[in-house]
Amino acid sequence: MGIREFPGGAPRGKSIAIGMRRSPDVSPRRLSDISPQLRQLKYLVVDEAIKEDLKWSRSVEDLTSGPVGLTSIEERILRITGYYGYQPWAASYKREERPREPPGPAEAQAPGGAEAGGRTSHRHWTCSREQLHKTFWGVAVVLCVCASWAGSTQLAKLTFAKFDAPFTLTWFATNWNFLFFPLYYAGHVCKSAEKQSVKQRYRECCRFFGDNGLTLKVFFTKAAPFGVLWTLTNYLYLHAIKKINTTDVSVLFCCNKAFVFLLSWIVLRDRFMGVRIVAAILAIAGIVMMTYADGFHSHSVIGIALVVGSASMSALYKVLFKLLLGSAKFGEAALFLSILGVFNVVFITCIPVLLYFTKVEYWSSFDDIPWGNLCGFSVLLLTFNIVLNFGIAVTYPTLMSLGIVLSVPVNAVVDHYTSQIVFNGVRLIAIIIIGLGFLLLLLPEEWDVWLIKLLTHLKVRKKEEPAEGGPDLGSGPQSRSRRARPSFAR
């Protein structure tokens with residue numbers, strides 16, 4: 001028997017069971033409200049099998065409830081006394097009256113019987129196929145981002161050997177941004193079931209700027225500043241390629257992820273995360289070590305300062321975009337980038353002309369311009385921006401970001417065979433530190449909760465495996481030693 005009767009009246013366990021069936025509507029908030037039930041607990045005698053069931057059920061619930069899997073002593077006592085609908089020793093209540101909860105990680109992946117088990121297995125197989133599909137596209141996107149970013153960097157280095165005009169190259173490549181919206185509309189016509197005209201699609205995307213659409217005031221207040229930041233980011237990056245090798249430029253530009261976090265924390269009041277502070281510290285340490293790798297020569301210091309300035313402008317661009325404009329859909333982002341191209345043609349064209357006549361960026365003849373290199377660089381940069389902005393439609397954003405950091409070893413291999421770069425210990429440590437900081441910044445905000453849930457799931461599954469695969473554990477010395485073991489939830 002699970003409850004022992006005492007002489008002189010009805011079994012006390014029954015009275016407690018009645019108290020434990022109280023409605024959740026009158027659930028107490030203080031221990032003093034249930035003091036009669038607490039006093040009756042000392043007369044409750046439960047045999048070993050039910051006690052083991054109670055301990056196991058409480059352990060699993062404690063682990064799976066809440067973000068960290070801990071429950072207070074007060075909540076445990078409230079569950080023991082029957083409040084909140086928790087009665088592990090009432091088998092009929094669990095099977096018939098208790099509402100079905102969504103399966104947890106351990107329950108969802110456990111092999112089930114009959115028809116329910118087949119449905120669960122099919123659902124997880126479908127989800128796995130979708131994840132596999134996204135992962136496959138993610139690998140393709142990573143390779144495309146890595147190839148386009150490393151290729152544009154190397155091609156810019158080759159272009160400067162014949163055409164020493166970084167700002168003109170920036171202006172020429174930015175003009176190609178005008179193609180963003182036409183390419184998006186072509187994809188819309190091919191894929192969308194409800195096809196719209198160019199004018200209709202344009203008006204719908206213009207709502208991104210407000211109820212009045214793209215007015216002259218909106219153009220100068222919400223588009224022109226980003227056009228300036230875009231030009232500065234690319235110009236400083238290209239000018240840094242003239243000063244230092246492409247490996248150092250590409251790895252130092254990865255610090256923009258740390259700058260985005262710091263600016264978001266200060267300006268946007270984003271959530272504070274200790275691991276991202278560590279990543280920002282690693283990025284700064286890597287910048288200092290990279291400067292020390294070449295002995296603090298003026299040439300290398302200027303190049304490092306230029307690429308750090310480029311990373312800062314990129315971070316400022318992203319944070320201000322989120323602050324002023326928020327998040328954009330694919331069509332809205334394509335229209336915005338095309339507007340930046342229009343701004344570049346209308347307002348920035350005068351600067352390359354001025355630099356040419358002042359002979360700051362001068363070339364003797366237009367026939368000497370390597371048009372193939374300029375067009376190749378522009379196409380690679382356009383491809384990089386298209387994949388980076390629209391790749392989220394087919395894969396995970398984290399995978400796309402990996403393509404940028406993977407361009408560092410690609411540039412290092414190319415520099416090893418084409419330049420006089422020396423990979424000393426300090427440079428290698430700086431590259432590893434910056435890369436590690438970049439990877440830490442890719443962790444999601446709830447990474448610690450996911451890690452705890454994963455460890456909890458592994459522990460629960462490890463404890464279930466001997467119970468499912470072994471013989472009957474209801475008797476014998478193994479069973480007694482198992483019951484004597486304390487619950488790992490306490």
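Aromatic pairs turn up 30 times when the whole structure, a predicted model, is searched. One of them brings together Phe 163 and Trp 363, whose ring centres are 5.3 Å apart; with the planes at 55 degrees, the pair counts as tilted, because edge-to-face needs over 60. This pair links distant parts of the chain, as its two residues are 200 residues apart. Phe 163 belongs to the loop between helix H7 (114–160) and H8, while Trp 363 belongs to the loop between helix H17 (350–357) and helix H18 (371–390). Phe 163 has 4% relative accessibility, so it counts as buried. Trp 363, at 12%, counts as buried too.

Another pair is made by Tyr 237 and Phe 253: here the centres are again 5.3 Å apart, but the planes stand at 75 degrees, so this one is edge-to-face. Tyr 237 comes from helix H11 (residues 216–243) and Phe 253 from helix H12 (residues 246–253), so the contact ties together parts that are 16 residues apart in sequence. Both Tyr 237 and Phe 253 are buried.

Rings also gather in a bigger group: Phe 208, Phe 209, Phe 226, Trp 230, Tyr 317, Phe 321 and Phe 336 make up one aromatic cluster. A ring can meet a charge as well, and at Tyr 362 the charged end of Lys 359 sits over the ring, 5.4 Å from its centre.

Back to helix H8, which spans residues 166–174 and is mostly covered, with 8 of its 9 residues buried. Among the buried ones are Phe 167 and Phe 172, along with Pro 166, Leu 169 and Ala 173. Three threonines, Thr 168, Thr 170 and Thr 174, are buried in H8 as well.

Technical notes
Residues are numbered from 1 along each chain as its sequence is written. This is a predicted model: local features need pLDDT of at least 70, side-chain atom pairs count only at pLDDT 80 or more; totals for chains, interfaces and linings use all residues. Side-chain values use heavy atoms; hydrogens and water are left out. Buried means under 20% relative accessible area, exposed over 50%, partly exposed in between (1.4 Å probe, protein chains only). Helices (H or I, at least four residues) and strands (E, at least two) are DSSP runs, numbered from the N terminus. Rings of Phe, Tyr and Trp (its six-membered ring) pair if their centres lie within 6.5 Å; planes under 30 degrees apart count as stacked, over 60 as edge-to-face and the rest as tilted. A charge sits over a ring if NZ of Lys or CZ of Arg is within 6 Å of the ring centre and within 35 degrees of the ring normal.
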